[in-house]
Amino acid sequence: MVFDLADWRVEVDVEATRTRTGANASDHCECAYCRNFYQTLARTYPGLCVALSRLGIDPMGPSELMPFSPTVYLACYRLEGRILRWGTSELAVGGIPIVLEAAEEEGSFFLWAGELELPWIQPEPAGEVSSPANLPEFMERMQRMWLLRHGHELTCS
């Protein structure tokens, strides 16, 4: 199916994408940060979840999930398909930046959604949870990765 996203055009195999991201959703990390993401995403960003679903993406099935802080996340989804036309428009859904990126594997591409600011609802205090997101080196690496991929700084509030 072909989708026009502003001046971008993508072709997505919706069923294959749904199968891939659905498999990710059934096999994800159970750390407190990930539990928090999965338990709060749909309530906090229902419009984003609907938009992702239209592309065949199970919002609960990111290929990568990166907590930049206990409550700010970046989610990466792999879509089966291809980018037909590279646009220049910045994409966003409900104020959430969306970035498309080619994958090394032909026949797929990535959709990055973030910064997703989510409420912390876990019983553990966020700062006490054992996670790479609590380590300064991890945060520095994620910030550098974001800058390299997207050309601007991630601004966590």
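Read along the sequence, the secondary structure of this predicted model follows the order β-β-α-α-α-β-β-β-β-β-α. The chain thus described comprises four helices and seven strands. Of its 157 residues, 44% are classed as buried. Contacts between residues at least 6 apart in sequence were also examined, and 69% of these join residues at least 24 apart.

Helix 3 has three buried residues, namely Leu48, Cys49 and Leu52. Viewed along the axis of helix 3, these buried residues are confined to an arc of 100° and therefore line one face of the helix. An α-helix has 3.6 residues a turn, so residues three or four places apart point the same way. The packing partners of the buried residues of helix 3 are helix 2, strand 4, strand 5, strand 6 (96-102) and strand 7 (108-117). Helix 3 is followed by Gly56, a residue with a positive phi near 90°.

Helix 3 also contributes to the second largest pocket, for which a volume of about 200 Å³ was computed. The lining of this pocket consists of Phe3, Leu5, Leu48, Ala51, Leu52, Arg54, Leu55, Leu91, Ala92, Val93, Ile98 and Leu111. Two or more lining residues are given by each of strand 1 (2-5), helix 3 (46-54) and strand 5 (91-93). The largest share, four residues, is that of helix 3. In terms of residue class, the lining has 11 nonpolar residues, no polar residues and one charged residue.

One of the lining residues of the second largest pocket, Ile98, is situated in strand 6. With a relative accessible area of 10%, Ile98 falls under the 20% limit and is therefore counted as buried. Beyond four places in sequence, Ile98 touches Leu48, Leu91, Ala92, Val93, Leu111, Trp112 and Ala113. Among these contacts, Leu111 lies 13 residues from Ile98 along the chain, and the C-alpha atoms of the two residues are separated by 6.7 Å. Leu48, Leu91, Ala92, Val93 and Leu111, which Ile98 touches, also belong to the lining of the second largest pocket.

A further buried position is found in strand 2 (residues 8-12), where Val12 is located. The relative accessible area of Val12 is 1%, and the residue is accordingly buried. When residues up to four places away in sequence are not counted, Val12 is in contact with Met1, Phe3, Thr17, Leu55, Leu79, Glu80, Gly81 and Phe109. Val12 and Leu79 are 67 residues apart along the chain, yet their C-alpha atoms are separated by 6.8 Å. Two of the residues touched by Val12, Phe3 and Leu55, are listed in the lining of the second largest pocket.

Four aromatic pairs are present in the structure. In the pair formed by Phe37 and Tyr73, the ring centres are 5.5 Å apart and the planes meet at 55°, so the arrangement is classed as tilted. This pair connects distant parts of the chain, with Phe37 in helix 2 (residues 32-44) and Tyr73 in strand 4 (residues 72-85), 36 residues apart. Both Phe37 and Tyr73 are buried. Together with Tyr38, Phe37 and Tyr73 form one aromatic cluster.

Helix 2 also carries Thr40. Thr40 has a relative accessibility of 0% and is therefore counted as buried. Apart from neighbours within four places in sequence, the contacts of Thr40 are with Leu118, Pro119 and Ile121.

Two features of the backbone geometry are noted in addition to the positive phi of Gly56. The peptide bond joining Gly114 and Glu115 is cis, with omega about 20°, and Glu115 belongs to strand 7. At Ala6, a residue other than glycine, phi is positive and near 55°. Ala6 is placed in the loop between strand 1 and strand 2. The relative accessible area of Ala6 is 57%, which is over the 50% limit, and Ala6 is therefore exposed.

Methods
Residues numbered from 1 in each chain as written. Predicted model: local features only at pLDDT ≥ 70, side-chain atom pairs only at ≥ 80, totals over all residues. Heavy atoms only, no water. 1 Å grid on protein atoms, 1.4 Å probe; cavity = no way out; pocket = protein on both sides within 12 Å on 5 of 7 lines; lining within 4 Å. Points joined across faces, edges and corners; volume = space filled by probe spheres on them. Nonpolar A, V, L, I, M, F, W, Y, C, P; charged D, E, K, R; others polar. Phe/Tyr/Trp six-rings, centres within 6.5 Å; stacked < 30°, edge-to-face > 60°. Buried < 20%, exposed > 50% of the residue type's maximum accessible area, 1.4 Å probe, protein only. Arc of directions from axis to C-beta. Contact = heavy atoms within 4.5 Å.
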